[in-house]
Amino acid sequence: MFDQHRETLDRALAAIAGRGYWSAYPESPSPRVYGEGAAERGKAAFEAHLGKPFELDQPGTGGWVGAERSPYGLDLGVTYPEPDAGLLVEAAKAALPAWRDAGPDARALACVEIVHRINQRSFELAHAVQHTTGQAFVMAFQAGGPHAQDRALEAIAYGHAAMTASAASARWEKPAKGDPLVMTKTFTAVPRGVAVVIGCNTFPTWNAYPGLFASLVTGNPVIVKPHPRAILPLAITVGIAREVLAEAGFDPALVSLAVEEGQGLAVTLATHPGVRIVDFTGSTEFGQWLEANARQALVHTEKAGVNTVVVDSAGSFRGMLGNLAFSLSLYSGQMCTTPQNILIPAGGIETDEGHKSFEEVAAGLAGAVGRLLGDEARAVELTGAIVNPDVLARLEAAPSLGEVVLESRALKHPAFPDAVVRTPVIVRVDAGREDVYGREHFGPIAFVVPTASTEESLGLLRRVTAARGALTAAVYSTSPEVLARAERAALEAGVNLSCNLEGGVFVNQSAAFSDYHGTGANPAATASLTDPSFVAGRFHMVQSRRPAGG
């Protein structure tokens, strides 16, 4: 089963070292890539889940729970086994020894087989992601499917590389008077223990897969606790993982699903004394609570942040505006990497079209968004739907925060009349209103802020990122000196920086095997997806030694 994936694993190991472009799983949903009929079979498989119990033969099942409703207006009607947290933890602990003893190669190749089978069901997962997150279908296919699968493979590669960085055994020989001292030594990667992955509403697979596979490949059983509004994509994932593990002769309790309709289960699992690793994506408040209270565990969190764009000058005014308009509109700004604050000198900027005043830059951005989303039928395939009522409430309150430069519009979705679809709002806020733009407003909400100078803009980037965190930052400038100062500011703030994006690369997108997502160097995240530190704490090295021949 697994030897067929050794080449894939080797290529992934080379990719994380080289950091160039590589993708194991094609992002195009074309029949030429995934085969004739794959799209239709995937949709049928998704529809077959609706209105039925999702069967998982796992310990601790009580009743059935589930209340997912699609942002597009569809009640999914899927129910899931209600878990007993304590029994899941005990079953996971019992499954650990055999998985540990299998060794890094077997675990890595088994994990790659799991991802391979997930990839074969990308269309089914795309519909599940679309109807739990509100993403448009193509984005749900790409981000929820192949891009998430690449991030999974990346985590597997980092875990394997960390565990095999040194020899698994050695013959130790030290010269001495008479015969040398000779020992044989073995070195074993010992998993930390049971892991819990707490999923998010907006990117249930993309954000969960790194932690899931980083823990699993390093020998740790994983309990997957999805967001109550986005269960189905991770339930499908867990089902696939359990199927592969059982076929390979391992206890499927190595991966289990923990579902709830309300709140509380995440707290119970994260603070359970038998849980040793917690991965979380979601709100700053709960992330900070986990960091403070799940003291028995290694805790990795990705929380909220305030992403900033510094505009100094533009080599292509239209290119800059078009790129920013797309970034603000993609999935209605419901991405942790979407820009929020756009800092522009009050005196305006120099561009290839001549000097532009602050007002002209702001109006130009509003016009670019308007043109991009002018055709409703095309616009909804970019914006998707509003994921939950909290986002809609923030959007409706945003005009009261400053001077509206671009009003948000309601769009009608031609295929889903009950979908809630909104275009972005852009609000002008003075530089002194850090109480407004200095906190995150998750959703299609952006602020244009007039600053005294680019230097003040860079200072605000440093200060807001240090206080609130950020996943991304961007700068536009034709000056090498300004770009160098911006890079220095980003290093000091601990945030990843994009410079002069004008084409088909956007600040809120990152490529597995090349781009790091988050840094761990500011409050928005405790680690980077994916780097060596993300996997290193998930296992320990334990040695055994004995005299040679003994």
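# Exercises on a predicted chain

Among contacts in the chain between residues at least 6 apart in sequence, 75% join residues at least 24 apart. The model is predicted. The exercises below go from the whole chain to single side chains.

## Exercise 1: the whole chain

Task: compare the radius of gyration of the chain with the value for a compact globule.

Solution.
- Start with the length: the chain has 550 residues.
- A compact globule with that many residues would have a radius of gyration near 24 Å.
- The chain has 25 Å, so the two values agree.
- Add the box: the C-alpha atoms fill roughly 85 × 65 × 45 Å along the principal axes.
- Then take burial: 55% of the 550 residues count as buried.
- Finish with secondary structure: there are 19 helices and 22 strands.

## Exercise 2: a helix pair

Task: describe how helix α5 packs against helix α6.

Solution.
- Locate the helices: α5 covers residues 122-133 and α6 covers residues 137-144.
- Take the geometry: the angle is about 120°, and the axes lie 8 Å apart.
- Assign the hand: the crossing of α5 and α6 is right-handed.
- List the contact residues: α5 brings S122, F123, A126, H127, V129 and Q130, while α6 brings F137, A140, F141 and G144.
- Sort the residues of this contact: 6 are nonpolar, 4 are polar and none is charged.

## Exercise 3: T133

Task: decide whether T133 is buried or exposed, then find the polar partners of its side chain.

Solution.
- Place the residue: T133 belongs to helix α5.
- Apply the cut-off: T133 has a relative accessible area of 0%, under 20%, so T133 is buried.
- Look for polar atoms: the backbone oxygen of V129 is 2.7 Å from a polar atom of the T133 side chain.
- The backbone nitrogen of Q135 is 3.0 Å from a polar atom of that side chain.
- Go beyond four places in sequence: T133 contacts P71, N201, T202, P204, Y331, A385 and V387.

## Exercise 4: Y34

Task: work out the surroundings of Y34.

Solution.
- Place the residue: Y34 sits in helix α2, residues 31-34.
- Check burial: the relative accessible area of Y34 is 18%, under the 20% cut-off, so Y34 is buried.
- Collect contacts, leaving out residues up to four places away: Y34 touches Y25, P26, S28, P29, N119, S122, F123, F141 and P146.
- Compare with the helix pair: S122 and F123 are among the α5 contact residues, and F141 is among those of α6.
- Find the polar partner: the backbone oxygen of P26 lies 2.6 Å from a polar atom of the Y34 side chain.
- Take a distance across the chain: Y34 and V224 are 190 residues apart in sequence and 28 Å apart in space, C-alpha to C-alpha.

Key:
Residues are numbered from 1 along each chain as its sequence is written. This is a predicted model: local features need pLDDT of at least 70, side-chain atom pairs count only at pLDDT 80 or more; totals for chains, interfaces and linings use all residues. Side-chain values use heavy atoms; hydrogens and water are left out. Axes are lines fitted to C-alpha atoms, for helices over the stretch in contact, and angles run from 0 to 180 degrees between N-to-C directions. Helices (H or I, at least four residues) and strands (E, at least two) are DSSP runs, numbered from the N terminus. A crossing is left-handed if the near helix is turned anticlockwise from the far one by less than a right angle, and right-handed if clockwise. Contact means heavy atoms within 4.5 Å. Ala, Val, Leu, Ile, Met, Phe, Trp, Tyr, Cys and Pro count as nonpolar, Asp, Glu, Lys and Arg as charged, and the others, Gly among them, as polar. Buried means under 20% relative accessible area, exposed over 50%, partly exposed in between (1.4 Å probe, protein chains only). A polar contact is a pair of N or O atoms within 3.5 Å; within protein, one must be able to donate a hydrogen and the other to accept it, and residues adjacent in sequence count only if both atoms are side-chain atoms. The radius of gyration is taken over C-alpha atoms; the globule rule is 2.2 Å times the number of residues to the power 0.38.
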